[in-house]
Amino acid sequence: MSKTMTFEEPVIKLREKIEELKQIAEIADVDMNGEIEKLEARLMQLEQSLYSNMEPWDRVQVARHPERPTTLDYIEKMFTDFIELHGDRVYGDDAAIVGGVALFNGQPVTVIGHQRGKSTKENIRRNFGMPHPEGYRKALRLMYQAEKFGRPIICFIDTKGAYPGKAAEERGQSEAIARNLFEMAGLRVPIISIVIGEGGSGGALALGVANKILMLENSTYSVISPEGAASILWKDATLAKQAAEAMKITALDLKDMGIIDAIIPEIAGGAHKNIEKQVLTMQESLTSVLAELNSLSAEQLVDARYEKFKCIGQFDE
């Protein structure tokens, strides 16, 4: 059974009531079609109202849903002939970042993304989607390869942040992230980043210096988690809901501020409700953006990326 999020409880209870009535009608051989139709109409109205007026904290819950599609889910359904490549040629292979070569609508591309697990065992292997330095160095190696062969780069962002452990720091976590930011800025091929879940801190930004940044409607993108911000600002992590509202971390907020370029609509209730339909929407958005970037020269791509990030920010004089 799919995990129920707190804000969805009214919808779940009404669905259960409808199922209960259907079972009673079948067992007792009683005509309850009228009552059931009224409840189903009410359910549709409730779902439309609930999912079209989600609060920032509701979207955080959806972004963190354990069944939310991952990078490998989208690679499997959106691309063909994917060949995963491993290792950073320095230290090792980090399972928290996956990448390789694939075809998108017949065009060779390099695909890179954070990868978390959907079970405890898989999450441990993937380090809960929090990369070590070798993960970012693997990503950069694949980006260099993409530039060499003229392949567009497509990044999927989905991480709470880079792994903050001692071993990661010893192997140069901050340098690895900074190197990605620096090198991505000057790559002479199209770069598209799509935030598909949580986009947390520099761990997310290390795959986010792109010509176009897209976000799924219920994803988040922020310098820190709401719990972390609440702990710093108010010394109380339980105020995460208030922090989420203040931080402007949702796709709608970030689009208004010019930090991202486009929002990809989600299936009502989240991408995990129907990945097949969600993939169709993502393919449509990616096809349009890639066609636009394919028409630009290498110099235009680099200049456009520079201008994009130079213009980010709002301030009052």
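**Exercise 1. Find the helix that holds Glu-147, then describe the surroundings of this residue.**

Step 1. Glu-147 sits in helix H6; helices (H or I, at least four residues) and strands (E, at least two) are DSSP runs, numbered from the N terminus. The model you are looking at is predicted, so local features need pLDDT of at least 70 and side-chain atom pairs count only at pLDDT 80 or more, while totals for chains, interfaces and linings use all residues. Residues are numbered from 1 along each chain as its sequence is written, and side-chain values use heavy atoms, with hydrogens and water left out.

Step 2. Next comes accessibility. Buried means under 20% relative accessible area, exposed over 50%, and partly exposed in between (1.4 Å probe, protein chains only). Glu-147 has 28% relative accessibility, so it counts as partly exposed.

Step 3. Now look for neighbours, where contact means heavy atoms within 4.5 Å. Leaving aside residues up to four places away in sequence, Glu-147 touches Gly-186, Leu-187, Arg-188 and Val-189. Glu-147 and Arg-188 are 41 residues apart in sequence, yet their C-alpha atoms are 6.3 Å apart in space.

**Exercise 2. Do the same for Lys-273: place it, then list what it touches.**

Step 1. Lys-273 belongs to the loop between strand E8 (262–264) and helix H13 (275–294).

Step 2. Its relative accessible area is 35%, so Lys-273 is partly exposed.

Step 3. Not counting residues up to four places away in sequence, Lys-273 touches Glu-8, Arg-15, Tyr-51, Ile-267 and Ala-268. Between Lys-273 and Pro-69 there are 9.6 Å from C-alpha to C-alpha, and the two are 204 residues apart in sequence.

**Exercise 3. At what angle do the axes of H3 and H11 cross?**

Step 1. Axes are lines fitted to C-alpha atoms, for helices over the stretch in contact, and angles run from 0 to 180 degrees between N-to-C directions.

Step 2. The axes of helix H3 (residues 56–63) and helix H11 (residues 240–247) cross at roughly 100 degrees and come within 8 Å. This makes H3 roughly perpendicular to H11. The cut-offs are: under 35 degrees roughly parallel, over 145 roughly antiparallel, 65 to 115 roughly perpendicular, and the rest oblique.

Step 3. Where the helices meet, H3 contributes Pro-56, Trp-57 and Val-60, and H11 contributes Ala-240, Lys-241, Ala-244 and Glu-245.

**Exercise 4. Which parts of the chain does the salt bridge between Arg-59 and Glu-217 tie together?**

Step 1. Side chains of opposite charge can pair when their charged atoms come close. Here, a salt bridge is a side-chain nitrogen of Lys or Arg within 4 Å of a carboxyl oxygen of Asp or Glu. By this rule the count is 20 salt bridges.

Step 2. Arg-59 and Glu-217 form one, at 4.0 Å from N to O. Arg-59 lies in helix H3 and Glu-217 in the loop between strand E6 (212–216) and strand E7 (220–222), so the pair ties together parts that are 158 residues apart in sequence.

Step 3. Check both partners: Arg-59 is buried, with a relative accessible area of 6%, whereas Glu-217 is partly exposed at 23%.

Step 4. Glu-122 also forms a salt bridge, with Arg-125, and their closest N and O atoms are 3.5 Å apart. Both residues lie in helix H5, 3 residues apart, about one turn of the helix.

**Exercise 5. Find out whether Asp-81 and Asn-127 are buried or exposed, and describe their phi angles.**

Step 1. Most residues other than glycine have a negative phi. Asp-81 is not a glycine, although its phi is positive, about 55 degrees. Asn-127 also has a positive phi of about 55 degrees without being a glycine.

Step 2. Asp-81 lies in strand E1 (residues 80–84) and is exposed, with a relative accessible area of 58%.

Step 3. Asn-127 is in the loop between H5 and helix H6 (133–149) and is buried, with a relative accessible area of 16%.
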